[in-house]
Amino acid sequence: MIKVVFFARVREQLGEDELAVNAEYADVNALRKHLAGRDDNWARVLADNSLLVAVNHEVATSATELKDGDEVAFFPPVTGG
């Protein structure tokens with residue numbers, strides 16, 4: 001299984017804190033496409049090019065490979081003041 005977590009406005013927009021999916025996705029891009037297929041809202045939120053992704057607490061790219069037991073986090077860019 002892959003644990004998928006959502007933070008900040010992404011969590012609010014999707015109405016989900018986290019979910020588990022089968023470990024059948026080769027990379028972040030494949031997982032993102034799968035999640036975007038849930039409905040139009042998911043597709044819209046996950047299509048945001050500014051959305052950041054981390055795999056196992058390290059910043060990742062769409063090409064980052066996934067394996068069973070990974071944690072994937074989607075979150076908006078963070079700004080400070």
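Begin by selecting Asp70, which is placed in the loop between strands E4 and E5. The model on display is a predicted one. Is Asp70 buried or exposed? Its relative accessible area is 4%, and since buried means under 20%, Asp70 is buried.

Next, show the surroundings of Asp70. Leaving aside residues up to four places away in sequence, Asp70 touches Met1, Ile2, Lys3, Val55, Asn56 and Glu65. Of these neighbours, select Asn56: its side chain and that of Asp70 are joined by a polar contact of 2.8 Å.

**From Asn56 to the strands**

Asn56 leads to a hairpin. Strands E3 and E4 form this hairpin, with two residues between them. Asn56 lies in the turn and has a positive phi of about 55°. Now select residues 52-55 for E3 and residues 58-59 for E4; these strands pair in the antiparallel sense over two bridges. Which residue stands opposite Val59 of E4? The residue to highlight is Ala54.

Keep E3 selected and add E5, residues 71-75. E3 and E5 also pair in the antiparallel sense, over four bridges. To see one such bridge, highlight Val55, whose bridge partner in E5 is Val72. Val55 has already appeared on this tour as one of the residues that Asp70 touches.

**The aromatic cluster**

Stay with E5 and select Phe74, then add Phe6 and Trp42. These three residues form one aromatic cluster. How many aromatic pairs are there? The count comes to two.

Look at Phe6 and Trp42. Their rings form an edge-to-face pair, 5.5 Å from centre to centre and with 85° between the planes. Phe6 belongs to strand E1 (residues 2-6) and Trp42 to helix H3 (residues 40-46), so this pair ties together parts that are 36 residues apart in sequence. Both Phe6 and Trp42 are buried.

Then turn to Phe6 and Phe74. Why does this pair count as stacked? The ring centres are 6.0 Å apart and the planes stand at 15°; planes under 30 degrees apart count as stacked. Because Phe6 lies in strand E1 and Phe74 in strand E5, the pair ties together parts that are 68 residues apart in sequence. Phe74 is buried, as is Phe6.

For the final stop, return to Trp42 and add Arg38. What sits over the ring of Trp42? The charged end of Arg38 is found there, 4.3 Å from the centre of the ring.

Key. Residues are numbered from 1 along each chain as its sequence is written. This is a predicted model: local features need pLDDT of at least 70, side-chain atom pairs count only at pLDDT 80 or more; totals for chains, interfaces and linings use all residues. Side-chain values use heavy atoms; hydrogens and water are left out. Two strands pair if DSSP finds at least two bridges between them. Rings of Phe, Tyr and Trp (its six-membered ring) pair if their centres lie within 6.5 Å; planes under 30 degrees apart count as stacked, over 60 as edge-to-face and the rest as tilted. Buried means under 20% relative accessible area, exposed over 50%, partly exposed in between (1.4 Å probe, protein chains only). A charge sits over a ring if NZ of Lys or CZ of Arg is within 6 Å of the ring centre and within 35 degrees of the ring normal. A polar contact is a pair of N or O atoms within 3.5 Å; within protein, one must be able to donate a hydrogen and the other to accept it, and residues adjacent in sequence count only if both atoms are side-chain atoms. Contact means heavy atoms within 4.5 Å.
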